[in-house]
Amino acid sequence: MNVLASSIGTLTNPSRPGNAFRSVLHSKISSNIISSYIGHLEDAFVIEEARRYDAKGKGYIGSPLKYYFEDMGLRNARLGFRQVEEGHTMENVVYNELRARGYSVDVGVVEKRVREKGKDVRKQLEVDFVANRVSDRVYIQSMLEMRTPEKAAREKASPLGIGDSFKKVALVRDVVRPLRDERGVVTACSTSCSTKQSCWDIGEGLAWMIATMFATYLSFGR
């Protein structure tokens, strides 16, 4: 459980805890047993898995997955409040808020060709969240800050690479005013979304979700 608590927001699979058991405890535990343990934690509503979804190919990808804690207080207490990384904490809270609002949530994968050292290289970019609710879909990138044009371009490249017309939102902790760029990506934060009016352009339901999410995040004590 400690391994999963330490790896929120990162891709993992049963072999990762297994490697930890072998290297630290010198215990040989099979991946099947670890999968069973993870299943019990999911059944007890301690953790929830987010599957990887090929946003362009419209299909699910197998292992590895991401796991998020349904109660961040339990997660932090389990680790003795020693690993409260702001970025991962924020990502977990965004996931929980989306689920609470009735969205099914996947981790998006976008394959893109880039030119490196004179060669065409295929790279897999990640969209933090692909949130679906009935016919509504939102692509969300979660980050602490986006202060440079280079950082903004890098973070927006994933959702823009999908090439469809669904809503795309970049959530940042930094204080920024709601902004929709020329390619349709909305950047928003907690203070800018503190009222329904100030976030009208993001969408009524999503604006309130963002405000509530950040209020919860800030309550953890940055």
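In the predicted model, the largest nonpolar core comprises 16 residues, and Val 94, Leu 98, Phe 129 and Ile 140 have the most contacts inside it. At least two residues of this core are supplied by each of helix 5 (86-100), strand 3 (104-116), strand 4 (119-133), strand 5 (136-143) and strand 6 (167-172). Helix 5 contributes the largest share, four residues. In soluble globular proteins, nonpolar side chains tend to be buried together.

The surroundings of Phe 129 were examined further. When residues up to four places away in sequence are not counted, Phe 129 touches Glu 91, Val 94, Tyr 95 and Leu 98, as well as Val 138, Tyr 139, Ile 140 and Ser 142. Tyr 68, Val 105 and Asp 106 are also in contact with Phe 129. Apart from this core, a second, separate core of 15 residues is present, with Ile 38, Leu 65, Phe 69 and Met 72 among its members.

Ile 38 also belongs to the buried residues of helix 3, which are Ile 34, Ile 38 and Leu 41. These buried residues lie on the same side of helix 3 because they cover an arc of only 55° around the axis. On the other side of helix 3, by contrast, Asn 32 and Asp 43 are exposed. Helix 3 spans residues 31-43, 13 residues in total, and its first and last C-alpha atoms are 18 Å apart, close to the 18 Å expected at 1.5 Å a residue. Just after helix 3, a positive phi of about 60° is adopted by Phe 45.

Conventions. Residues numbered from 1 in each chain as written. Predicted model: local features only at pLDDT ≥ 70, side-chain atom pairs only at ≥ 80, totals over all residues. Heavy atoms only, no water. Expected span 1.5 Å × (residues − 1). Buried < 20%, exposed > 50% of the residue type's maximum accessible area, 1.4 Å probe, protein only. Arc of directions from axis to C-beta. Core = buried A, V, L, I, M, F, W, Y, C linked by side-chain atoms within 4.5 Å. Contact = heavy atoms within 4.5 Å.
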